[in-house]
Amino acid sequence: MDDLIENIDKRVNCLNKILAYSLSGFYEKAPFSYYHPKLVKTGIESFQGEKIYLDTSCVEGTNPIDYSYLITEDQRPSRANMQPKERTAWTARMKESYKVLGITEVDCSLINQTILSTGFIGVEESDYLPLAFLYSLFISEDFRKKKDLSSTGATMEAINNKDFLNLAVPLLSAQEVGEYKAKYNPLLLELSSLREQKERLKKEKKLLLAKYFH
């Protein structure tokens with residue numbers, strides 16, 4: 001089982017490398033606002049029982065690593081106020097904080113069982129902004145450096161919405177956007193599928209360990 005998990009991690013790393021470099025051939029730049037991005041607003045849907053709260057410390061790189069923080073609708077931190085949706089990409093606001101999530105319709109666990117922190121900025125996929133473009137942008141070193149340089153604050157430096165929308169990003173024509181989506185959005189679906197597979201394997205491993213080593 002450990003080998004299966006390790007193979008998933010290797011495949012995820014491979015896909016992330018492909019996506020991180022997928023925008024490197026586009027040299028013209030424009031402000032992110034050029035694409036009319038739709039930011040996910042704060043606020044969550046009403047829910048019964050418990051959900052998992054993912055703050056930025058629960059995500060490492062592009063992987064949620066800690067699902068142990070349980071909340072209810074009435075008992076939760078004030079920052080537990082972002083609703084994960086399909087076809088959205090998220091990046092941490094805080095400076096020097098590499099935490100990125102790309103959420104597709106395959107991410108049933110994330111969509112149905114988690115609440116995100118307001119420490120994330122979420123952007124919805126649109127005709128101008130394929131999910132793969134958003135995700136690749138957020139994981140790219142160039143974008144992360146620009147985000148860090150635009151972060152402000154006295155104690156914990158972070159980027160605000162206005163500066164986020166002013167960041168320079170690769171400029172793609174309408175045709176290039178369509179071609180990019182066709183080529184790379186399937187990779188996001190694979191990443192989501194791998195994430196679901198990994199969580200199932202980890203749960204199975206935990207059950208087996210509890211069964212034989214209780």
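Strands E8 and E9 run antiparallel and are joined by four bridges, in a model that is predicted. Within this pairing, tryptophan 90 stands opposite leucine 101, a residue of E9. The two strands belong to an open sheet of four strands, ordered E2-E11-E8-E9, in which the pairing is antiparallel. Strand E2 (38-39) and strand E9 (100-103) each have a single partner strand and stand at the edges, so one side of each is left without a neighbour in the sheet. Helix H3 packs on this sheet, where it touches E8, E9 and E11, and the direction of H3 makes about 10 degrees with that of E8.

The nonpolar interior comes next. The largest nonpolar core has 37 residues, and those with the most contacts inside it are Phe32, Val123, Phe138 and Phe164. Two or more residues of this core come from each of helix H1 (2-21), strand E11 (120-124), H3 and helix H6 (174-212). Apart from neighbours within four places in sequence, phenylalanine 32 is in contact with a list of residues that includes Pro37, Val123, Leu134, Phe164 and Val169. A second core, separate from this one, has 13 residues, among them Ile52, Cys58, Val59 and Leu101. In soluble globular proteins, nonpolar side chains tend to be buried together.

Aromatic rings also meet in this model, and the count comes to nine aromatic pairs. Two of the pairs are set out below.

| Aromatic pair | Distance between centres | Angle between planes | Arrangement |
|---|---|---|---|
| Tyrosine 35 and phenylalanine 133 | 5.4 Å | 55 degrees | tilted |
| Phenylalanine 138 and phenylalanine 164 | 6.0 Å | 55 degrees | tilted |

Tyrosine 35 lies in the loop between strand E1 (29-31) and E2, while phenylalanine 133 lies in helix H3, so their pair ties together parts that are 98 residues apart in sequence. Tyrosine 35 counts as buried because its relative accessibility is 3%, and phenylalanine 133 counts as buried because its relative accessibility is 2%. Both residues belong to one aromatic cluster, formed by Tyr34, Tyr35, Phe133, Tyr180 and Tyr184. The pair of phenylalanine 138, in helix H3, and phenylalanine 164, in helix H5, likewise links distant parts of the chain, 26 residues apart. Phenylalanine 138 and phenylalanine 164 are both buried.

Helix H4 (residues 141-149) has buried residues of its own, namely Phe143, Lys147 and Asp148. These residues lie on the same side of H4, because they cover an arc of only 135 degrees around the axis. The face turned away from that buried side carries Glu141 and Leu149, which are exposed. The buried residues of H4 pack against strand E8 (88-92), helix H3 (131-139), helix H5 (161-166) and strand E12 (168-170). Strand E8 and helix H3 thus return here as partners of H4, after the contact between H3 and the sheet described above.

A last residue to follow is threonine 56, which lies in the loop between strand E3 (51-54) and strand E4 (59-60). Is this loop residue buried or exposed? Threonine 56 has 15% relative accessibility and therefore counts as buried, since the cut-off for buried is under 20%. If residues up to four places away in sequence are not counted, threonine 56 touches Ala92, Lys99, Ser117, Gly119 and Phe120.

Methods:
Residues numbered from 1 in each chain as written. Predicted model: local features only at pLDDT ≥ 70, side-chain atom pairs only at ≥ 80, totals over all residues. Heavy atoms only, no water. Buried < 20%, exposed > 50% of the residue type's maximum accessible area, 1.4 Å probe, protein only. Arc of directions from axis to C-beta. Contact = heavy atoms within 4.5 Å. Core = buried A, V, L, I, M, F, W, Y, C linked by side-chain atoms within 4.5 Å. Pairing = 2+ DSSP bridges. Axes fitted to C-alpha atoms, helices over the stretch in contact; angles between N-to-C directions. Phe/Tyr/Trp six-rings, centres within 6.5 Å; stacked < 30°, edge-to-face > 60°.
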